[in-house]
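User: I'm in my first year and still learning to read protein structures. Could you take me through one part of this one slowly, and then show me what else is worth a look?

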Amino acid sequence: MKSFIYLCISMIIFSLVLSGCGTGENKQESEEKSEDKKIQVYATIFPLKDFTEKIGGKHVEVKSVYPANVDAHSYEPTLKELKSMADADMFIYNGAGFEGFSDKVSEMLKSEDVTVVKATEGMDLGHENEAAHSEEEHGHEEEAHSEEQHHDHGDTDPHVWIDPVLSIELAHTIKDALVKEDPAHKETYEENYKKVEAELKKVDQEFAKIVNESKQKHVLVSHAAYGYWEERYGIKQIAIAGLSPTQEPSQKQLKEIIEQSKKHDVKYILFEQNVSSTVADIIQTEIGAKPLSLHNLESVTKEDINNKEDYFSIMRKNIQAIKTALSGK
Ligand SMILES: [Zn+2]
């Protein structure tokens, strides 16, 4: 709540600053594009930044809204960052309730002539967790149901990028936005998009193969970011925190998580790159699980940046981690 008030105050100062110094005018001048002027883009979650760079190639310059390692669910841009975003040409965000700041900021940016792109626009979101669970957990309906309530809160799951097939739709929306912004390079954007699409299809096949070859289907993860893998690949996530890492489990839920993990003979616990959780440490000790790393791609670490990781390299590491987690050894 405190941070929300802070954001509101930032917004007010932000609009005062902008109206005071006539940034709008300067911007129009600079928008008369010379042939090699790059489209300046701000993107939120890492996959959107990566896809935009891959599709836009040399015609775009993409900056991340999120600094390295942050909890992307709760991060809010500073006043300085908001000003830089207002000077950009395009703002790309996930939507579906992921970025808490996006609705207010989007309106503000639109009034500054920034093209605002909601990557999940028009996507059919939400998955049938409930159906999958009741099938699997018949005889334990009550148990499964209370777990469900904790993890879903009736909200839409915003973690669509975790599914390579849904990521094709995200990439497609980005491609369309770039073509609209800069029709002169339509052909390049279309070509680059095709490459991204082909690679995403490959990752999907690699993922499906790993899961199909495994008897074990349950994975224990630090927050419920993997619901779309349940639907796509039949993986069952036992999540410690809810859709957002700040939704920590109650005592009762903690007990259920431990029971579920034991029942399904879970041997590994998957820690995420930007989530630290004492509860997860407690559960690890309680069930004697071995630790593995899983990357939710929400924000990247400094190491990822240094190693020039991209969506595909990170997803392939995730597939290997899942392979180990499902090995049951
Ligand atoms: Zn998340």
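Analyst: Let's start with the metal site and then move on to rings, a pocket and a few loop residues. Keep in mind that this is a predicted model.

So, which residues hold the zinc ion? There are three histidines and a glutamate: H73, H159 and H223 each use their NE2 atom, while E298 uses OE. These atoms sit at 1.9 to 2.1 Å from the metal. Look at the angles among the four donor atoms and you'll find 98 to 116 degrees, which makes the site tetrahedral. For four tetrahedral donors the ideal angle is 109.5 degrees.

Now follow the chain itself. The zinc donors are spaced as H-x85-H-x63-H-x74-E. Take H159 and H223, which are 64 residues apart and link distant parts of the chain. H159 is in the loop between α7 (141-152) and α8 (164-181), whereas H223 belongs to strand β5 (residues 218-223). Are these two histidines buried or exposed? Both H159 and H223 are buried.

Next, the rings. You can find eight aromatic pairs in the structure. In one of them, F51 and Y311 have ring centres 5.1 Å apart, and their planes meet at 55 degrees, so this pair counts as tilted. F51 is in helix α3 (residues 46-56) and Y311 is in helix α14 (residues 311-327), so the pair ties together parts that lie 260 residues apart in sequence. Both partners are hidden away: F51 has 0% relative accessibility and counts as buried, and Y311 also has 0% and counts as buried.

Y66 and Y75 make another aromatic pair, this one edge-to-face, with 85 degrees between the planes and 5.8 Å from centre to centre. The cut-off for buried is under 20% relative accessible area. Y66, with 6%, is therefore buried, and Y75, with 16%, is buried too.

If you like groups of rings, find F207, Y226, W229 and Y233, which ring pairs link into a cluster. A ring can have a charged neighbour as well: K175 lies over the face of Y193, 5.5 Å from the ring centre.

How about empty space? The largest pocket holds about 230 Å³. Its lining is made up of 17 residues, and F46, K49, S64, V300 and I305 are the ones nearest its centre. Helix α3 turns up again here, giving the most to the lining with four residues. Both α3 and α13 (302-306) supply at least two lining residues each.

Finally, a few spots to click on. Most residues other than glycine have a negative phi. N69 has a positive one, near 70 degrees. You'll find N69 in the loop between β2 (60-64) and α4 (79-87), where N69 is partly exposed at 42% relative accessibility. D113 has a positive phi too, near 60 degrees, and sits in the loop between α5 (102-110) and β4 (115-118). At 48% relative accessibility, D113 counts as partly exposed.

One last stop is K262 in helix α11 (residues 251-263). K262 is partly exposed, with a relative accessible area of 48%. In sequence, K262 and A289 are 27 residues apart, yet in space their C-alpha atoms are 9.9 Å apart.

Notes
Residues are numbered from 1 along each chain as its sequence is written. This is a predicted model: local features need pLDDT of at least 70, side-chain atom pairs count only at pLDDT 80 or more; totals for chains, interfaces and linings use all residues. Side-chain values use heavy atoms; hydrogens and water are left out. Donors are N, O and S atoms within 2.8 Å of the metal (3.2 Å for Na, K and Ca); water is not among the atoms, so sites may look incomplete. Four donors count as tetrahedral if all angles lie between 85 and 135 degrees; four count as square planar and six as octahedral if opposite donors are over 155 degrees apart and all others between 65 and 115; anything else is irregular. Buried means under 20% relative accessible area, exposed over 50%, partly exposed in between (1.4 Å probe, protein chains only). Rings of Phe, Tyr and Trp (its six-membered ring) pair if their centres lie within 6.5 Å; planes under 30 degrees apart count as stacked, over 60 as edge-to-face and the rest as tilted. A charge sits over a ring if NZ of Lys or CZ of Arg is within 6 Å of the ring centre and within 35 degrees of the ring normal. On a 1 Å grid over the protein atoms alone, a cavity is a set of points where a 1.4 Å probe fits but cannot get out, and a pocket is an open set with protein on both sides within 12 Å along at least five of seven lines; lining residues have an atom within 4 Å of a point. Grid points are joined across faces, edges and corners, and a volume is the space filled by probe spheres set on the points.
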